Amino acid sequence: MASMAFPGSAVTTCRSHSSAREMRGRIQAPKSDTRLRIFSGTANPSLSQEIACYMGLELGKIKIKRFADGEIYVQLQESVRGCDVYLVQPTCPPANEKLMELLIMIDACRRASAKNITAVIPYFGYARADRKTQGRESIAAKLVANLITEAGADRVLACDLHSGQSMGYFDIPVDHVHGQPVILDYLASKMICSDDLVVVSPDVGGVTRARAFAKKLSDAPLAIVDKRRHGHNVSEVMNLIGDVRGKVAVMVDDMIDTAGTIANGAALLHQEGAREVYACTTHAVFSPPAIERLSSGLFQEVIIINTIPVAEQNYFPQLTVLSVANLLGETIWRLHDDCAGGFEPYSSLGID
């Protein structure tokens with residue numbers, strides 16, 4: 001029987017987050033509420049630790065086991081009676097196992113008399129199955145929403161859902177935050193001339209996302225890659241709408257799975273005369289052969305956010321991983337305090 005436990009650890013190496021906490025302290029009173037608990041599943045414990053570090057808290061003690069037949073066992077090792085509980089668990093690969101683990105964690109908290117249970121899902125698996133494109137298909141996003149609700153969650157905190165309509169599948173409140181500000185801050189630090197920039201949507205479906213991104217990049221021009229998809233995870237680039245000649249092209253998408261779409265788009269951008277191509281995405285699913293495509297020299301840099309952990313063997317020289325921990329940590333504080341977004345310096349972080 002394999003087991004994994006996440007004991008609460010002292011926050012002694014979190015100097016990088018101290019200034020943010022101090023700034024938050026000037027806006028509102030310091031937090032001393034012992035009713036707030038954060039627990040981590042096994043999907044992304046490093047992100048959970050970063051969130052707790054930003055908030056000046058320790059991760060709650062939880063024991064998670066795998067029996068020999070694959071069944072999952074969860075036991076909270078501290079009281080949560082009457083507490084506001086946040087469970088951090090992206091449903092990343094293997095999606096079914098991580099989803100089941102989240103459901104059991106929610107059930108354990110509910111049976112332990114937690115006052116409120118919020119499922120913090122940095123990456124919401126099955127989000128792409130949000131509608132019927134052919135007859136007799138399932139809408140798995142709705143099914144998963146029902147499972148999370150029926151397990152006992154009172155609220156969901158998600159990051160960059162594949163489509164906004166997925167929020168409507170839940171019968172409980174959903175707080176949807178965007179990772180764009182994290183990437184925008186990083187791009188600003190690279191000091192790329194705004195006149196040289198063009199934001200590129202890798203497909204027609206991502207135009208709204210790319211347009212919003214371009215507006216925040218000094219209202220940069222927009223280009224669109226037109227493609228035709230012949231099957232799941234298979235796409236073919238057809239043509240480019242817009243001018244990228246001599247420009248620094250920034251491709252924006254919510255996720256990279258097999259990287260077929262974004263790699264084909266990058267190849268087309270180079271053919272059309274783009275000087276450099278950057279890929280920016282929130283969720284790095286990185287199913288094979290994504291690493292080979294992304295490290296083939298098409299991209300100057302591949303910028304991702306750590307909603308999904310990247311295995312050590314999947315790192316390559318062009319990869320840059322940014323953290324969304326501060327954004328999620330600040331959102332958790334605001335939810336706990338029933339506080340809306342809009343206060344500086346966090347009004348630009350996409351907290352609704």
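1. In this predicted model, helix α2 spans residues 45-55, and its buried residues are L47, S48, I51, A52, C53, Y54 and M55. The residue that follows α2 is G56, which has a positive phi near 75°.

2. One of the buried residues of α2, I51, also stands out in the largest nonpolar core, a set of 40 residues in which I51 and F213 touch the most other members. Helix α9, covering residues 325-336, gives this core its largest share, namely six residues. As general background, nonpolar side chains in soluble globular proteins tend to be buried together.

3. For F213, once residues up to four places away in sequence are set aside, the residues touched are Q180, I183, L184, L187, V199, V250 and V252. A second core, separate from the one discussed above, holds 36 residues, and I121, F124, Y169 and F170 are among them.

4. Turning to strand β4, which runs over residues 72-76, one finds Q75 within it. Is Q75 buried, partly exposed or exposed? Q75 counts as partly exposed because its relative accessibility is 35%, and partly exposed is the class lying between the cut-offs of under 20% for buried and over 50% for exposed.

5. The surroundings of Q75 can be described further: leaving aside neighbours within four places in sequence, Q75 is in contact with I62 and K63. In addition, the C-alpha atoms of Q75 and M105 lie 8.1 Å apart in space, while the two residues are 30 residues apart in sequence.

Notes:
Residues numbered from 1 in each chain as written. Predicted model: local features only at pLDDT ≥ 70, side-chain atom pairs only at ≥ 80, totals over all residues. Heavy atoms only, no water. Core = buried A, V, L, I, M, F, W, Y, C linked by side-chain atoms within 4.5 Å. Buried < 20%, exposed > 50% of the residue type's maximum accessible area, 1.4 Å probe, protein only. Helix = DSSP H or I, 4+ residues; strand = E, 2+ residues; numbered from the N terminus. Contact = heavy atoms within 4.5 Å.
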